[in-house]
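Visitor: I would like a close look at a single helix of this model, set against the chain as a whole. Please state each cut-off where it is first used.

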Amino acid sequence: MKKIRVLAIMLCIALLLPTLTACKKVRSEKYFEYFDTVSVIQSYARDSKKEFEANCKAVSDLLSDYHRLFDIYFEYSGINNLKTVNMNAGKEPVKVDERLIDFLIYARKMYTLTNGQMNIAFGAVTRLWHDARESALLNPESAKVPSGLELEKASYHTNINKIIIDKEASTVFISDPDMSIDVGALGKGYATERAAELLISRGVSSYVLNIGGNIRAIGEKPSGDGWVTGITNPDKSSDEPFITKVIIKDLSLVTSGDYERFYTVGGIRYHHIIDPDTCKPARHFSSVSVFNANSALSDALSTALFCMSYEEGLGLIKSLGNTDAIWVFPDGMVKMTDGIVISE
Ligand code: ADP
Ligand code: MG
């Protein structure tokens, strides 16, 4: 009888061991095919491999859908996306998935909130910089900046009110034939937030999403601690990889910086975040990071704050509540709002 009990206990331990070991493990999955960047899903939730895989599949399907809807360079069979909408500018309304309609309505709200500094109707201008950057990277000797005249002409075609949305009919029409939509400033953060929403609806907590640097923490670690994450030092010549390290729980963190996508002409760095007031790369900061529970809002704000003076950005952050920011100035000076939790 005793022997049987010992055997039973040993069997139980043997069965439990893999589960206990699995508990300690952080599960992680990576994708390379969405938004031209790396997407990472991490679970600290002690869920089973099967549960984790099902959650990853759901997130991956969602990211794939948004990736295709937001694409301005390629079309996909069976769907109308932003490339289709842009190609039909000045021609006719395009019937699109209701998720794209909802996104465009949100983007318009963000335009108003940011006083026009984050403008998805800015495609005519961002395209000039994008093309100049691409050809400079292929052929650095002939690198040049778009001319003032080209930029000025393009700037006349950036009126967001010319994106006509019919929610009932689920159509979008760009009424200016020379205008185009570019959602680079908002798309990733918006898709990240939809992914977080989906995971939460599936009962998930203690997950971290990192979609090309747009970080979204869902819940906290099982220990009750938050996650420590570094704010990249824009000065790549420095030995310090981070400006500071922060702790996040149930929060998103999005950074816009001048150090990732740029090209150089005559020793001057031309990066990819364009100030709507000048139609040139914004020069106020080297990076701006924004913290808010909603990753879509953080993404819109990080681009917009990058294009505003510190005072204007601070005023906007304070008016919103539950939102924080870190500004890194070109000379290395750092300013931040009070709600940021620094890791010692
Ligand atoms: P990242 O591309 O690193 O995520 P952002 O969220 O700041 O950084 O988005 C920058 C992208 O948004 C650019 O590559 C361009 O496509 C677009 N963009 C640049 N400036 C603006 C702007 N003022 N308003 C809206 N979109 C912009
Ligand atoms: Mg952004």
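Guide: The secondary structure of the protein chain amounts to nine helices and 17 strands, where helices (H or I, at least four residues) and strands (E, at least two) are DSSP runs numbered from the N terminus. This is a predicted model, in which local features need pLDDT of at least 70 and side-chain atom pairs count only at pLDDT 80 or more, while totals for chains, interfaces and linings use all residues. Residues are numbered from 1 along each chain as its sequence is written, chains are lettered from A and ligands numbered from 1 in the order in which they are written, and side-chain values use heavy atoms, with hydrogens and water left out.

The helix I would choose is α5, residues 123-138. Its 16 residues reach 22 Å from the first C-alpha to the last, close to the 22 Å expected at 1.5 Å a residue, the expected span being 1.5 Å times one less than the number of residues. Within α5, the buried residues are Gly 123, Ala 124, Val 125, Thr 126, Trp 129, His 130, Ala 132, Arg 133 and Ala 136; buried means under 20% relative accessible area, exposed over 50%, and partly exposed in between (1.4 Å probe, protein chains only). As background to such a list, an α-helix has 3.6 residues a turn, so residues three or four places apart point the same way. The cover over the buried residues of α5 includes the helix α6 (148-155) and the strands β11 (262-265), β12 (268-271), β13 (274-275) and β14 (280-281), contact being defined as heavy atoms within 4.5 Å.

Two residues of this helix, Val 125 and Ala 132, also belong to a second, separate core of 13 residues that includes Phe 122 and Ile 274. A nonpolar core is here a set of buried Ala, Val, Leu, Ile, Met, Phe, Trp, Tyr and Cys residues joined through side-chain atoms within 4.5 Å. The largest such core has 69 residues, and those with the most contacts inside it are Phe 70, Leu 305 and Trp 327; helix α2 (residues 49-70) gives the most to this core, with eight residues.

For the setting of α5, the C-alpha trace of the chain spans about 90 × 50 × 45 Å along its principal axes, and 47% of the 344 residues count as buried. Of the contacts with a separation of 6 or more, 60% join residues 24 or more positions apart.

Some single residues elsewhere complete the picture. Val 94, in strand β3 (residues 94-95), is buried at a relative accessible area of 5%, and, not counting residues up to four places away in sequence, Val 94 touches Asn 80, Thr 84, Val 85, Asn 88, Ser 170, Thr 171 and Val 172. Tyr 76, in the loop between α2 and α3 (82-87), is partly exposed at 24% relative accessibility. Asp 250, in the loop between β9 (242-248) and β10 (252-257), has a positive phi of about 45 degrees although it is not a glycine, and counts as partly exposed at 46% relative accessibility. Asn 322, in the loop between α9 (310-320) and β16 (324-328), has a positive phi of about 50 degrees, again without being a glycine, and is exposed, with a relative accessible area of 75%.
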